[in-house]
Amino acid sequence: MLPHSFPITFGSKNEQNVYYALTKFEIQFDYQVPIFGGRLQRGGIVLDFLVRNPFDIAVPVHGDYWHRAYMSSEEQYALGVLIERFQGRVVVLWGHETDTYEEAEDAVRTWIVERPGASKY
């Protein structure tokens with residue numbers, strides 16, 4: 001359970017859990033970052049988290065409800081854009097890794113804190 005609320009609106013509970021975990025580890029990051037125009041430009045995407053630890057890492061959060069066991073062609077395109085844009089430094093965090101705050105904390109510790117620069121997608 002999260003110890004306090006945040007003054008922003010989250011797209012999902014999974015994103016909220018990851019946000020809190022990144023904050024707990026005092027990792028610098030931006031939330032909801034438009035890439036190539038975001039939602040305003042055809043082909044643009046919105047990245048859930050851009051982690052700056054020590055260099056940029058794209059961290060999309062794929063909850064199990066919206067991003068089931070397979071990736072749609074749009075999601076595959078977005079992942080390809082992120083891999084190219086961030087030179088492979090992409091860590092996809094899935095719903096089963098972020099459904100609770102404790103799971104999100106473990107995932108952030110494993111993939112961001114202990115392995116800066118690692119990729120997982």
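These legends go with several views of a predicted model, starting with the whole chain and then moving in on the sheet, one aspartate and the opening helix.

**View 1. The whole protein, with its 4 helices and 5 strands.** Walk along the sequence and you read the pattern α-β-β-β-β-α-β-α-α. The protein has 121 residues, and 47% of them count as buried. Take the contacts with a separation of 6 or more: 55% of these are between residues 24 or more positions apart. The accessible surface adds up to about 7100 Å², with 51% of that area belonging to carbon and sulfur atoms.

**View 2. An open sheet of 3 strands in the order 1-2-3.** The pairing here is antiparallel. Strand 1 (29–35) and strand 3 (56–59) sit at the edges with a single partner strand each, so one side of each is left without a neighbour in the sheet. From one strand to the next, the twist averages 40 degrees.

**View 3. Where strand 1 meets strand 2.** Strand 2 covers residues 45–52, and 6 bridges join this strand to strand 1. The two run antiparallel. For a handy landmark, look for Val33, which stands opposite Leu47 of strand 2.

**View 4. Asp48, a buried acidic side chain in strand 2.** How buried is Asp48? Its relative accessible area is 10%, and buried means under 20%, so Asp48 makes the cut. A polar atom of the Asp48 side chain lies 2.7 Å from the backbone nitrogen of Val61. Leaving out residues up to four places away in sequence, Asp48 touches Glu15, Asp30, Tyr31, Gln32, Val59, Pro60 and Val61. One of these, Glu15, is itself among the buried residues of helix 1.

**View 5. Helix 1, residues 13–24, mostly covered.** Does the length of this helix agree or disagree with what its residue count predicts? At 1.5 Å a residue, its 12 residues should span 16 Å, and the end C-alpha atoms are 16 Å apart, so the two agree. Of those 12 residues, 9 are buried: Asn14, Glu15, Gln16, Asn17, Val18, Tyr19, Tyr20, Ala21 and Leu22.

**View 6. What packs against helix 1.** Which elements do the buried residues of helix 1 pack against? On the strand side there are strand 1, strand 2, strand 4 (61–62) and strand 5 (93–94). On the helix side there are helix 3 (95–98) and helix 4 (101–113). Just after helix 1, keep an eye out for Glu26, which takes a positive phi of about 55 degrees.

Methods. Residues numbered from 1 in each chain as written. Predicted model: local features only at pLDDT ≥ 70, side-chain atom pairs only at ≥ 80, totals over all residues. Heavy atoms only, no water. Pairing = 2+ DSSP bridges. Axes fitted to C-alpha atoms, helices over the stretch in contact; angles between N-to-C directions. Buried < 20%, exposed > 50% of the residue type's maximum accessible area, 1.4 Å probe, protein only. Polar contact = N/O pair within 3.5 Å; in protein donor to acceptor, adjacent residues only side chain to side chain. Contact = heavy atoms within 4.5 Å. Areas by Shrake-Rupley, 256 points an atom, 1.4 Å probe, with all protein chains shown as cover. Expected span 1.5 Å × (residues − 1).
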